[in-house]
Amino acid sequence: MFLPRQIFYEKDAWNYELGKKLLSEYQEKGVQLKEIENHNNIEEMRKKENSEFCNMKKNLIIGIRKTHKFVENHKVSDYLVPYTSSRVYCYVFILLFSL
């Protein structure tokens, strides 16, 4: 099981079943939780040097998807959610949806 170094999460993640489950479980395991305003703009991550990239990928980001636009893409998955991050880098990233 993936054990992140720290978790950046939007406050409303606690209002979703999956968000509450993940945050509670990782908090019990001693993972540091850091509340953020917006998953698309994490200043602490933006200010890191490129040499920190490998360490930044050990974080988990839990955000709330504000729109429900999906784009078909059958190369790697059924759908892609466009514009999920302000950076091109790859992170473990969970978006919570309200239907």
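**Note on the predicted model**

1. Of the protein's 99 residues, 30% count as buried. The model is a predicted one, and the points below should be read accordingly. The protein exposes about 7000 Å², of which carbon and sulfur atoms supply 51%.

2. Confidence comes next. The mean pLDDT of the protein is 77, and 67% of its residues reach 70 or more. Strand β2 has the highest confidence, at a mean of 95, while strand β5 (residues 79–80) has the lowest, at 50. Over residues 84–90 the pLDDT is below 50, although this stretch has 16 contacts in the model beyond near neighbours in sequence.

3. As to the overall arrangement, the protein contains three helices and six strands. Read from the N terminus, the order of the elements is β-α-β-α-α-β-β-β-β. Among contacts in the protein with a separation of 6 or more, 71% are between residues 24 or more positions apart.

4. Strand β1 (residues 6–10) pairs with two other strands. With β3 it pairs in the parallel sense over three bridges, and I7 has L60 of β3 as its bridge partner. With β2 the pairing is again in the parallel sense, over five bridges; here E10 stands opposite I36 of β2.

5. Why is β1 described as largely enclosed by the rest of the structure? Five of its five residues are buried, so the description follows. In a regular strand the side chains alternate between the two faces of the sheet. In β1, Q6, F8 and E10 point one way and I7 and Y9 the other way, and all are buried.

6. Strand β3 (residues 60–64) can be examined in the same manner. Five of the five residues of β3 are buried, so this strand is largely enclosed by the rest of the structure. L60, I62 and I64 point one way from β3, whereas I61 and G63 point the other way, and all are buried.

7. Q6 deserves a separate comment. This residue lies in strand β1. Its relative accessibility is 10%, and because buried means under 20%, Q6 counts as buried. Leaving aside neighbours within four places in sequence, Q6 is in contact with V31, Q32, K34, E44, K58, N59 and L60.

8. Which residues form the largest nonpolar core? There are 11: I7, Y9, A13, Y16, L22, L23, Y26, V31, L60, I62 and I64. The elements β1, α1 and β3 each give two or more residues to this core. Apart from it lies another core, of six residues, including F8, I36, I42 and M45. The two ways of pointing from β1 can be read alongside these lists: I7 and Y9 point one way and F8 the other, with I7 and Y9 in the largest core and F8 in the core of six residues. In β3, L60, I62 and I64 point one way, and these three residues belong to the largest core.

9. The count of aromatic pairs comes to one. The ring centres of Y9 and W14 are 6.3 Å apart and the planes stand at 90°, so the pair is edge-to-face. Y9 is buried, with a relative accessible area of 9%, whereas W14, at 28% relative accessibility, counts as partly exposed.

10. Two loop residues may be set side by side. K29 is placed in the loop between α1 (17–28) and β2 (32–36), and R65 in the loop between β3 and β4 (71–72). Are these residues buried or partly exposed? K29, at 48% relative accessibility, counts as partly exposed, while R65, at 10%, counts as buried.

11. Both loop residues have a C-alpha separation worth recording. The C-alpha atoms of K29 and L3 are separated by 8.7 Å, with the two residues 26 residues apart along the chain. Leaving aside neighbours within four places in sequence, K29 is in contact with M1 and L3. For R65 and H39, also 26 residues apart along the chain, the C-alpha atoms are separated by 9.1 Å.

Methods:
Residues numbered from 1 in each chain as written. Predicted model: local features only at pLDDT ≥ 70, side-chain atom pairs only at ≥ 80, totals over all residues. Heavy atoms only, no water. Helix = DSSP H or I, 4+ residues; strand = E, 2+ residues; numbered from the N terminus. Buried < 20%, exposed > 50% of the residue type's maximum accessible area, 1.4 Å probe, protein only. Contact = heavy atoms within 4.5 Å. Pairing = 2+ DSSP bridges. Phe/Tyr/Trp six-rings, centres within 6.5 Å; stacked < 30°, edge-to-face > 60°. Core = buried A, V, L, I, M, F, W, Y, C linked by side-chain atoms within 4.5 Å. pLDDT = per-residue confidence, 0-100. Areas by Shrake-Rupley, 256 points an atom, 1.4 Å probe, with all protein chains shown as cover.
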